[in-house]
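Dear colleague,

I am handing over the structure below, and after it I set out what was found when going through it. Please read the notes with the structure open beside them.

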Amino acid sequence: MAVAVSAELVSTTNEIPGHRIVRPLGVVRGITVRSRSIVGNLGAALQTLVGGNITIYTELCEKARGEAFELMLQHAAAMGANAVVGMRYDANEVAEGVTEVLAYGTAVQVEPGA
């Protein structure tokens, strides 16, 4: 049974403070593909007239990143990891209005200690 990977044990660096890596397990990823809805595009177009933060797109991006992150944690847990190091995000447009969001890193097993 896979152990859950806690978000506190995910790092963009190659180490987890207060822990030591005892076993690297390989690359893990979480991918989600999102499209903008017509209603969302209309709302965003109206927000651009006013200027400032386009909250409709901000919320869409946050939701996509959160989903990709959770999928990456699930992939890491399925590999037997309890942490992820070197975590990054990437995004690519795969078609007009359709974006892939990728969260990736290296799954590792860590234990407390320097």
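Of the 114 residues in the protein, buried residues make up 30%, and please keep in mind throughout that this is a predicted model. The protein has two helices and three strands, which follow the pattern β-α-α-β-β when read along the sequence. Among the contacts with a separation of 6 or more, 74% are between residues 24 or more positions apart.

Turning to the interior, the largest nonpolar core has 17 residues, and those with the most contacts inside it are V5, V10, M72, A76, V84 and M87. Two or more residues of this core come from each of β1, α2 (55-78), β2 (83-95) and β3 (98-112), with α2 giving the most, namely seven residues. Another core, of six residues, lies apart from it and includes A83, V85, V108 and V110.

M87 may be a useful residue to look at in the viewer: leaving aside residues up to four places away in sequence, M87 touches V10, S11, T12, F69, M72, A103, Y104 and G105.

As for the surface, the protein exposes about 7100 Å², of which carbon and sulfur atoms supply 57%. I31, V33 and V94 make a nonpolar surface patch of about 260 Å². Within that patch, I31 is found in strand β1 (residues 19-35), and I31 counts as partly exposed because its relative accessibility is 41%, which falls between the limits of 20% for buried and 50% for exposed.

With best wishes

How values were computed:
Residues are numbered from 1 along each chain as its sequence is written. This is a predicted model: local features need pLDDT of at least 70, side-chain atom pairs count only at pLDDT 80 or more; totals for chains, interfaces and linings use all residues. Side-chain values use heavy atoms; hydrogens and water are left out. Helices (H or I, at least four residues) and strands (E, at least two) are DSSP runs, numbered from the N terminus. Buried means under 20% relative accessible area, exposed over 50%, partly exposed in between (1.4 Å probe, protein chains only). Contact means heavy atoms within 4.5 Å. Accessible areas come from the Shrake-Rupley method with a 1.4 Å probe; for residues, only the protein chains shown count as cover. Patches are made of residues with over 30% relative accessible area and no salt bridge: like charges are joined within 9 Å, nonpolar side chains (Val, Leu, Ile, Met, Phe, Trp, Tyr) within 5 Å. A salt bridge is a side-chain nitrogen of Lys or Arg within 4 Å of a carboxyl oxygen of Asp or Glu. A nonpolar core is a set of buried Ala, Val, Leu, Ile, Met, Phe, Trp, Tyr and Cys residues joined through side-chain atoms within 4.5 Å.
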